[in-house]
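This report reads through one structure by way of a strand, a helix, the nonpolar cores, a disulfide and two individual residues. The sequence and the model are shown first.

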Amino acid sequence: MVSRRGGPRASRAALALAVLAASASALAAVEAKVYFQEEFNADWEKNWLKSTWKTSEGTDGSFVRSAGKFHADPERDAGVKTTPDARFFAMTSELKETFDNTGKDLVLQFSVKHEQKIDCGGGYIKLVPTSSADKIADFSGDTPYSVMFGPDICGGTKHTHVIFTDKDGVNQLRTNKVTSVATDELTHVYTLIVHSDNTYEVLLDLESVASGSLEEDWAFLPPREIHDPEATKPEDWDDRPKITDPEDVKPEEWDQPQYIVDPDAEMPEDWDEEEDGEWERPEIKNPDYKGEWKQKMMDNPEYKGKWEAPMIKNPEYVDGSGDELYRYTDLKYVGFELWQVKAGSLFDNILVTDDVEYAKEFAQSTWGAMKDVEKKLFEDTKAAEEEEAKKRFEEEQAKAEEEAEEEDVEEDGEEHDEL
């Protein structure tokens, strides 16, 4: 007798499930898409539209192709760099097809290198909806966007923007800013992942620096619960952590005048009461004066803590209203819209996809393949510059000492001539 659990029928069912799982996995792999991938090859300009914003004012800057000062390969590592200083930079490029991320992950990734030692300027990128198509030619800071992501540095303010535009067109900033941001002169990769379960993750150089819930970390919705506005503090609720000690009594000798007549003072010999009036001893500070007496404080035995109204369900919160916070149905453009005091930021390897693993692989094959070489070249160059600066300083010091010795010799010679 063959058991149902372990027999041929169960085996066939298990095989069928395995086939279905494999098919589903293969289908998911097929359906995963790359909507935008820009590595800034030699013909990059044909894919990008420079905005006319600020052109008439003469304050618009340009993006030029460059691999920067330090790179592994001048072609493979080339991106686009902002130039010149104190300019607005704006340009856009169109995704291969409109990205509707319903039921999918949304991944926005790019690299940036601030090799100019940026002091004040943006290094972020935007995803822009189809509804802004008529504003793309003069794409600016006023053009409605869906997602804004990337570093922003100005003086002591350093953070990574993660901004989403809600269904009412309001730009929602993360409640607590993402403070992880790269400020050195090397290339770094920024990755934003938005999951269809309304969670998110921010990566810097493929390391997680922030993650959580869209609903909890952005003010998209009114809070689920609020303090009951009709609740009142009970009359017997004592919220005083300290009270005066009833057993602490003011000492009888405490009250003394602040000033007393100086008992040691004597009338001056030349004092004339007819001319100067009656002499009075001056006052001095009383050494026994103790100031205002106050009762000591003690822990309140009846203290119940700070009273707060109990929490109740917020009538303005609608159940299910946060189910699709992640969702954007018409993502169509990638755009830069920046202001930089000191230009020179280099952007590269922009990716928009619904495939988290591909994004990781892409970052490793681009940034990951060059970062160690770039860092070594950077460190060697800096070491050589420091050595050269040290050598130049020592030469200047030696020259100054030599000139000082020559001046001393000349002065000695002049003294002998005078003699």
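Is K126 buried or exposed? The model in which this is examined is a predicted one, and in it K126 is buried, with a relative accessible area of 2%.

## K126 and its surroundings

K126 lies in strand β8, which spans residues 125–129. Its side chain is joined to that of E337 by a polar contact of 2.7 Å. Once neighbours within four places in sequence are set aside, the residues in contact with K126 include F139, S140, G141, Y145, V147 and M148, and also Y333, V334, G335 and E337. E337 is therefore both a polar partner of K126 and a member of its list of contacts, while K126 itself has a relative accessible area of 2% and so counts as buried.

## Strand β6 between two partners

Strand β6, residues 106–114, is mostly covered, nine of its nine residues being buried. Its side chains point in two directions: L106, L108, F110, V112 and H114 go one way, whereas V107, Q109, S111 and K113 go the other, and all of them are buried.

Strand β12, residues 187–194, runs antiparallel to β6 and is joined to it by eight bridges; in this pairing, V112 stands opposite H188. With strand β22, residues 345–353, β6 also pairs in the antiparallel sense, here over seven bridges, and H114 is found opposite S345 of β22.

## The nonpolar cores and helix α4

The largest nonpolar core has 59 residues, and those that touch the most other members are W48, F164, L214, V334, F336, I350 and V352. Leaving out residues up to four places away in sequence, W48 touches F36, E38, F40, M91, T92, S93, V334, F336 and I350. Another core, of six residues, lies apart from the largest one, and among its members are L203, L351, A359 and F362.

Helix α4 comprises residues 356–365, and within it A359, F362 and A363 are buried. Seen down the axis of α4, the buried residues fall within an arc of 95°, and so they line one face of the helix. The general geometry agrees with such a pattern, because an α-helix has 3.6 residues a turn and residues three or four places apart point the same way. At the start of α4, a side-chain oxygen of D355 comes to within 3.1 Å of the backbone nitrogen of E357.

## The disulfide

How many disulfides does a search of the whole structure find? The search finds one, formed by C120 and C154, whose sulfur atoms are 1.9 Å apart. The pair links distant parts of the chain, since C120 belongs to strand β7 (residues 120–122) and C154 to strand β9 (residues 147–154), 34 residues apart.

The torsion about the S-S bond of C120 and C154 is about -85°, and the disulfide is therefore left-handed. As to accessibility, C120 has a relative accessible area of 17% and is buried, whereas C154, at 36% relative accessibility, counts as partly exposed.

## E283, an exposed strand residue

E283 is placed in strand β18, residues 283–285, and at 55% relative accessibility it counts as exposed. Although E283 and I260 are 23 residues apart along the chain, their C-alpha atoms are separated by 5.2 Å. Apart from neighbours within four places in sequence, E283 is in contact with Y259, I260, V261 and D262.

Conventions: Residues are numbered from 1 along each chain as its sequence is written. This is a predicted model: local features need pLDDT of at least 70, side-chain atom pairs count only at pLDDT 80 or more; totals for chains, interfaces and linings use all residues. Side-chain values use heavy atoms; hydrogens and water are left out. Buried means under 20% relative accessible area, exposed over 50%, partly exposed in between (1.4 Å probe, protein chains only). Helices (H or I, at least four residues) and strands (E, at least two) are DSSP runs, numbered from the N terminus. Two strands pair if DSSP finds at least two bridges between them. The arc is that of the directions from the helix axis to the C-beta atoms. A polar contact is a pair of N or O atoms within 3.5 Å; within protein, one must be able to donate a hydrogen and the other to accept it, and residues adjacent in sequence count only if both atoms are side-chain atoms. A nonpolar core is a set of buried Ala, Val, Leu, Ile, Met, Phe, Trp, Tyr and Cys residues joined through side-chain atoms within 4.5 Å. Contact means heavy atoms within 4.5 Å. A disulfide is a pair of cysteine sulfur atoms within 2.5 Å.
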